[in-house]
Each structure stands twice: as C-alpha cells, then as structure tokens.
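Q: Please look closely at one pocket of this protein and at the residues that line it. Then place what you find in the rest of the chain.

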Amino acid sequence: MDIPVRLSFCGSGKGISPPTSKHEAMLIALLMPLLALSHEKVVFTANFDGDSPPSTWRSQEWAGSAAFGQFPGRTGRAIAVASTSGADAAMTVRIPVVPYSKYRLSGWIKTENVVLTTGRGALFNLHGRPERSEALTGSTDWKEAGFTFDSGGDDEGQLNCLLGYFGQASGKAY
C-alpha cells in the first residue's frame, strides 16, 4: 500500500469543526498537498519514507502466516503484506477522527499473484466497521482505492491495509 494513504475531512453532521491544533500538531509534518474537493481537509497522511514503517503502524495476523516489509512504491516507499501459504493479515494504524463527521479514505494498492482461498484479496478497511475499498486480486499495477464513511460517535478508528479479509489469500499486496 503506497503513500499517501490519506484521510480527508469532508464535513461534520453536527456542526463540529474539523480537527484542531491537537491533531494538526501531531500530523503537520505528514500533510501533503493533494487533489481534493475544496471542502475536504487532509487530516492524516501515511509516510513510509524512513528505514522502517513509523512506530504507530503495527503488523497483525488474524490467520495464517504473513511477512511484512517496506519496498519502493509508486511515489516513495510502500508497506507490503505477503504470504506464500495464505493469511488474513494487515499493517494497521490508529487514526483520529471527529465524532459525527464525514471522511474519505484513499490510497494506492498494487498486487502480485494474489490468490484467494477463503478471503477477498488486498484492500483497505476500518476495523470493526463495514466500510472497505474494492478488493484486488491477481497481479495489478498501482490502483487508487478508497471509501467514504461517517465516524458516528467514534473519535478514532483503526485503518487496516489488508491481505485476506475475513479469510485468507496468498501473494503480495503493497
């Protein structure tokens, strides 16, 4: 999954302002310009250009066995989840959101020989919620993927960059 994985604030359903200095101070170094609608405000951008993924990112295996790494990406460095025998696994990060607000999450995914056993493929989702991007299988070049969601009463969520998803898949997802 290539940079930038980005979370854009699209407005509040209850008149709550977008994240203020508390969140912006933590994220200001990560914000990058992007083509977006004028009412959107980028509030989270992943950056994997260091020697290893930022310490806020975690690897997670729900089933099977996976390897995690960092490789050249579409515009910089990318994280990767790979499995030869099949896995339901992800690189995950907690992201701050404003309750009762609308967001758009988007990023880029590339796949190599992703084969399904019982899972859906390579995709992004919010842990414990139904929102997810399109699942990619086979071998694909970089493709933008994303979805919109309403934060409901939540003030944070867990973004998963997945290989598998409620079942296992083998191959490699960037």
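A: Two residues are in contact when they have heavy atoms within 4.5 Å of each other. With that meaning, consider the contacts in the protein between residues with a separation of 6 or more: 73% of them are accounted for by residues 24 or more positions apart. The model is a predicted one. Its secondary structure comes to one helix and ten strands. Read from the N terminus, the order is β-α-β-β-β-β-β-β-β-β-β. Of the 174 residues, 46% count as buried.

Now to the part you asked about. The second largest pocket holds about 150 Å³ of space. Its lining consists of Trp62, Asp88, Asn125, Leu126, His127, Gly128, Arg129, Asn160, Leu162, Tyr165 and Phe166. Two strands each supply at least two residues of this lining: β7, residues 121-126, and β9, residues 156-164. What kinds of residues make up the lining? Five are nonpolar, four are polar and two are charged.

Asp88 is a good place to start, since the lining includes Asp88 and Glu61 can be traced from there. Glu61 and Asp88 stand 27 residues apart in sequence, yet their C-alpha atoms are 6.1 Å apart in space. Glu61 belongs to strand β3, which covers residues 58-64. Once the neighbours within four places in sequence are set aside, Glu61 is in contact with Ala66, Phe68, Asp88 and Ala89. Is Glu61 buried, exposed or partly exposed? Its relative accessibility is 39%, so Glu61 counts as partly exposed; the middle class runs between the 20% below which a residue is buried and the 50% above which a residue is exposed.

Ser83 gives a second example of such links. Ser83 is in strand β5, residues 77-96. With 7% relative accessibility, Ser83 counts as buried. Apart from neighbours within four places in sequence, Ser83 is in contact with Ser65, Ala66, Leu163, Ala169, Ser170 and Gly171. Ala66 also appears among the contacts of Glu61. Ser83 and Gly164 are separated by 81 residues in sequence, while their C-alpha atoms are 9.7 Å apart in space.

Next come the aromatic rings. A pair of aromatic rings is described by the distance of the centres and the angle of the planes. Rings pair if their centres lie within 6.5 Å, and planes over 60 degrees apart count as edge-to-face. By this rule there are five aromatic pairs. One of them is Phe71 with Tyr174: the ring centres are 5.8 Å apart and the planes meet at 85 degrees, so this pair is edge-to-face. The pair joins distant parts of the chain, with Phe71 in strand β4 (residues 67-72) and Tyr174 in the segment after β10 (169-173), 103 residues apart. Phe71 has 28% relative accessibility and therefore counts as partly exposed. Tyr174, at 8% relative accessibility, counts as buried.

Another pair brings us back to the pocket. The rings of Tyr165 and Phe166 have their centres 4.9 Å apart and their planes at 80 degrees, so this pair is edge-to-face too. Tyr165 and Phe166 both appear in the lining of the second largest pocket. Tyr165 sits in the loop between β9 and β10, and Phe166 is found in the loop between β9 and β10 as well. Which of the classes does each fall into, buried or exposed? Tyr165 is at 8% relative accessibility and so counts as buried. Phe166 is at 71% relative accessibility and so counts as exposed.

The backbone of these two residues deserves a remark. Tyr165 has a positive phi of about 75 degrees, although Tyr165 is not a glycine. Phe166 also has a positive phi, near 50 degrees, and is a residue other than glycine.

Back at the other pair, Phe71 and Tyr174 form one aromatic cluster together with Trp142. Tyr174 has a charged partner too: Lys110 lies over the face of its ring, at 5.7 Å from the ring centre. A further case involves Arg74, whose charged end sits over the ring of Trp108, 3.7 Å from the centre of that ring.

Methods
Residues numbered from 1 in each chain as written. Predicted model: local features only at pLDDT ≥ 70, side-chain atom pairs only at ≥ 80, totals over all residues. Heavy atoms only, no water. 1 Å grid on protein atoms, 1.4 Å probe; cavity = no way out; pocket = protein on both sides within 12 Å on 5 of 7 lines; lining within 4 Å. Points joined across faces, edges and corners; volume = space filled by probe spheres on them. Helix = DSSP H or I, 4+ residues; strand = E, 2+ residues; numbered from the N terminus. Nonpolar A, V, L, I, M, F, W, Y, C, P; charged D, E, K, R; others polar. Phe/Tyr/Trp six-rings, centres within 6.5 Å; stacked < 30°, edge-to-face > 60°. Buried < 20%, exposed > 50% of the residue type's maximum accessible area, 1.4 Å probe, protein only. Lys NZ or Arg CZ within 6 Å of the ring centre and 35° of its normal.
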